[in-house]
Amino acid sequence: MSRQLLTGNGAAAWGARLARVDYVPAFPITPQTEIIETLAAWLETDTMDGRLVTLESEHSMITAAGAAAATGVRVFTATSSQGLLYAMEMIYTVAGWRAPFVMINVSRGLAAPITLESDHNDIMAARDAGCLQIHCATCQEVLDSTLMAYRIAEDERIRLPVIVNMDGFYLSFTREPVELPTVEEANGFLPPFDAENVVFRASAPTSQAVAVLGGSPYSYFRYEHHLAVLKGNEVYDEVAAEFAERFGRRHEAVEAYRSEDAELLFVMTGSFATKAREAVDRLRDSGVGIGLLRPRLLRPFPETRLRELLAGKQAVAVIDQNLSMGKGGVMHAELASALYGQPDMPPILASFVGGLGGRNISAEEFFEIAKVLQTAVAEGKTPPPRLLYTRDELREMRKLQAVAQVEREELGGGR
Amino acid sequence: MSAREAMIKRMKDLPSTHLLGTGTPMCAGCGGLEALHEVYDVLGENSVFVNAAGCMTLLSVYPFTPFRGSWLYTAMASAPAGAQGVRDALDILLEKKRVTKAEDLEVAVLTGDGAAYGMGLSATSGAIERNLDFLYLCYDNEGYGNTGQQYSGATPHAAKTATSGGPRGFAGYKKDLFAIWVAHKPAYVATVVGAEPLDLARKIEKAKQLTGPRLIIALAPCPPGWGYDPKDSVDIGRLAVRTGVWPLKEYVDGKVVHTKIPHPRRPVEEYLSKQGRFAHLFAPKRNEALLAQLQAKVDAYWAQVSE
């Protein structure tokens, strides 16, 4: 074990290197590019033994990733945002092939308007694809989750792609101290990929990903896929336990922070949850009984664990860094469906949307959210969903609009 | 490669063992299936066909396949990238000695013209530019055949399709995919048709001996899409060659060579008049101007071919 200052992207590249990946189909996209540049440099200098191929699109990249995994090599790939969406047909498709590989998604807001900065709408768009998803809050987690992801993906009960998600800029470009396992330690945790009989070999002809006729065989394979993803709960816990034993770092499926004696809870994913954590400490100092739950595992959705952690609580604020237009925060809806009708669940489940396109969520906003929860508990009434936006932001926005209007008039296009 | 295959000179040298199984859901008289049969006999069963969405997606329907070798269905746009993944994985396994040379496979893309001329063109271009060692077979039925023959980038001028049903047929012109591929300078490019099995077999045999991207367009006469009786598929294929509409040629070592120059070249009308998709050129009234234009286009092509 050694300690290095690494960006999230650097940690992801180290994860792939320590996982001894054979094959890296790649395509550049901000803010993910540093991952493939790092791997390319190692592969070119024979620091790493494998092959990187730049495809002509993310759609092709994921096709090549799935096809190589289906041929029996260990595959790593990475993308972000528009790239993930461009690849989306194949994300669904290769998941159905039951071809295990690991992909990093560096979360970035989706167009339009186009932006480079982070939110979770990209990764949420992949939530029904049939891949497992692990969401990270620190650079250390990115490295550890990548290693864990291979164990989970390649487990015979799973055999599916696993996506490890980190936030663009906040993790991808932020250096943090990261404990690097030695090669021996990593090898001890992650054995070589055994593709068993799901390969292409001259001596054993096989057809993969064939068509089906009719809803019955189709449903069978889809249900089987769903059940395999659900098995991810148990496999994740086993792998996390072994990881903790070997490396001393425990990454629960749901990180629970000061939740045991809390009456109120924030629920968040990703690096912004570290802001919520800080807010919890300050609220606790001022006597508010609040905690934080941070699901790391998004697919499968760790429903049982969340129910256990939320039993007997008074109110929950789900802070979604995504927005399903016409519905609201995605995780809020998911959590509601997990809790509804179950005994002893919190009566108040409030929705907040914030942090879109890299927008900060300030400590004051967390305090305000806590206040909203307290009021809701006192009144016994769930507050309406809230889109976080401050008066100051609106003033700045109005200035931009004023500039745009002046310029438009100047150019003769004004109304 | 066996010694026998290296000597395909006459019809009787063609493989007598047929590798592709029967009972597939392809239409009766499918010119694409005819070409695939002939290609597979030469290519052999130590192969994996990476398929793009199209008519032939239905060759392998769970739990059946006509292939003695392997198969991977991908999607419409990215079969060449699927071939890239399989080829790279096999190379890695061979390099790292995790499999023996005997386990290696010839990687072949199988795609219709809808994907080859349009949606999959970028992926094909990428695979050629990366010098991928693969065979690419496009069965070109000159339209989106699997969905009922709407026009595609491969549809010839004036052909009636499900989306070009007017009196002049398709307004566009068939894209010159051969030239687009040749511009990439791959190892091998050829046009074939199942109705000329000797020419086809010799080209596949040649392609098999080369490494790098080897791309084949097989004209695939299509009874339901082109509007003729399935029993006429072979005749239509032959007429495509003998009227000069479908030039049989290959690109190798930097040169394009025509492998069968029609002598004498029959009038294009003989080919067109046998197909329902061109019936509007003949009835209710002959469209002399359009027929002359189509003939002139073929004449102009052959005028620049040096014998």
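This is a short walk through a predicted model of a complex with chains A and B.

Okay, let's begin with how far the predictor trusts its own work. For the complex, the predictor gives an ipTM of 0.96 and a pTM of 0.97. Chain B averages a pLDDT of 96, and 98% of its residues score at least 70. There is a weak spot, though: over residues 1-5 of chain B the pLDDT is below 50, and beyond near neighbours in sequence that stretch has five contacts in the model. Where pLDDT is low, the predicted coordinates should not be read in detail. So please don't hang anything on those contacts.

Now, chain B as a whole. You'll find ten helices and eight strands in it. Along the principal axes, the C-alpha atoms of chain B fill a box of roughly 70 × 45 × 35 Å. How does the radius of gyration of chain B sit with that of a compact globule? A compact globule of 307 residues would come out near 19 Å, and chain B has 19 Å, so the two agree. Buried residues make up 50% of chain B. And if you take contacts between residues at least 6 apart in sequence, 68% of those in chain B join residues at least 24 apart.

Let me zoom in on a couple of places in chain B. Take helix H8, residues 233-242. Seven of its ten residues are buried, which means the helix is largely enclosed by the rest of the structure. The buried ones are B:Ser233, B:Ile236, B:Gly237, B:Leu239, B:Ala240, B:Val241 and B:Arg242. Yes, there's an arginine on that list: B:Arg242. After H8(B) comes B:Gly244, with a positive phi near 85 degrees.

Next stop, B:Ile128, which sits in helix H4, residues 121-129 of chain B. Is B:Ile128 buried or exposed? Buried: the cut-off is 20 or more C-beta neighbours, and B:Ile128 has 24 of them inside 10 Å. Setting aside neighbours within four places in sequence, B:Ile128 is in contact with B:Trp181, B:His184, B:Pro186 and B:Pro213. B:Arg202 is another matter: 74 residues along the chain from B:Ile128, with 22 Å between the C-alpha atoms.

Over to chain A. Its domain assignment gives domain 1, residues 2-247, and domain 2, residues 254-392. Taken over C-alpha atoms, the centres of the two domains are separated by 28 Å. Where they meet, 24 residues of domain 1 are in contact with 20 residues of domain 2. On the domain 1 side, the elements giving two or more residues are helix H6 (121-125), strand E6 (132-135) and helix H9 (215-247). H9(A) gives the most, with five residues. By class, that side of domain 1 divides into eleven nonpolar, nine polar and four charged residues.

Then there's helix H5 of chain A, residues 88-96, whose buried residues are A:Met90, A:Ile91, A:Thr93, A:Val94 and A:Ala95. Part of what covers them is helix H3 of chain A, residues 58-71. Following H5(A) is A:Arg98, again with a positive phi, near 60 degrees.

Keep H3 and H5 in mind for the contact between the chains. That contact takes 37 residues from chain A and 39 from chain B. On the chain A side, the elements giving two or more residues are strand E2 (23-26), strand E3 (51-54), H3, H5 and strand E9 (207-208). Which of them gives the most? H3(A) does, with ten residues. The chain A side has 20 nonpolar, twelve polar and five charged residues.

Last topic, the core. The largest nonpolar core has 217 residues, and those with the most contacts inside it are A:Val162, B:Val86, B:Leu137 and B:Ala218. Helix H7 of chain A, residues 139-154, gives the most to this core, with nine residues. The core also draws at least three residues from each of the two domains of chain A.

I'd finish on B:Val86, if you want one residue to click on. Not counting residues up to four places away in sequence, B:Val86 touches A:Ala67, A:Ala68, A:Thr71 and A:Phe200 in chain A. In its own chain, B:Val86 touches B:Val48, B:Val50, B:Leu72 and B:Val107. That's my tour, thanks.

Definitions and conventions. Residues are numbered from 1 along each chain as its sequence is written. Chains are lettered from A and ligands numbered from 1 in the order in which they are written. This is a predicted model: local features need pLDDT of at least 70, side-chain atom pairs count only at pLDDT 80 or more; totals for chains, interfaces and linings use all residues. A nonpolar core is a set of buried Ala, Val, Leu, Ile, Met, Phe, Trp, Tyr and Cys residues joined through C-beta atoms within 7 Å. A residue is buried if 20 or more other C-beta atoms lie within 10 Å of its own, exposed if 12 or fewer, and partly exposed in between; C-beta atoms are placed from the backbone. Helices (H or I, at least four residues) and strands (E, at least two) are DSSP runs, numbered from the N terminus. Domain bounds come from an automatic or database domain assignment. Two residues are in contact if their C-beta atoms, placed from the backbone, lie within 7 Å. The radius of gyration is taken over C-alpha atoms; the globule rule is 2.2 Å times the number of residues to the power 0.38. pLDDT is the predictor's confidence in each residue, from 0 to 100. Ala, Val, Leu, Ile, Met, Phe, Trp, Tyr, Cys and Pro count as nonpolar, Asp, Glu, Lys and Arg as charged, and the others, Gly among them, as polar.
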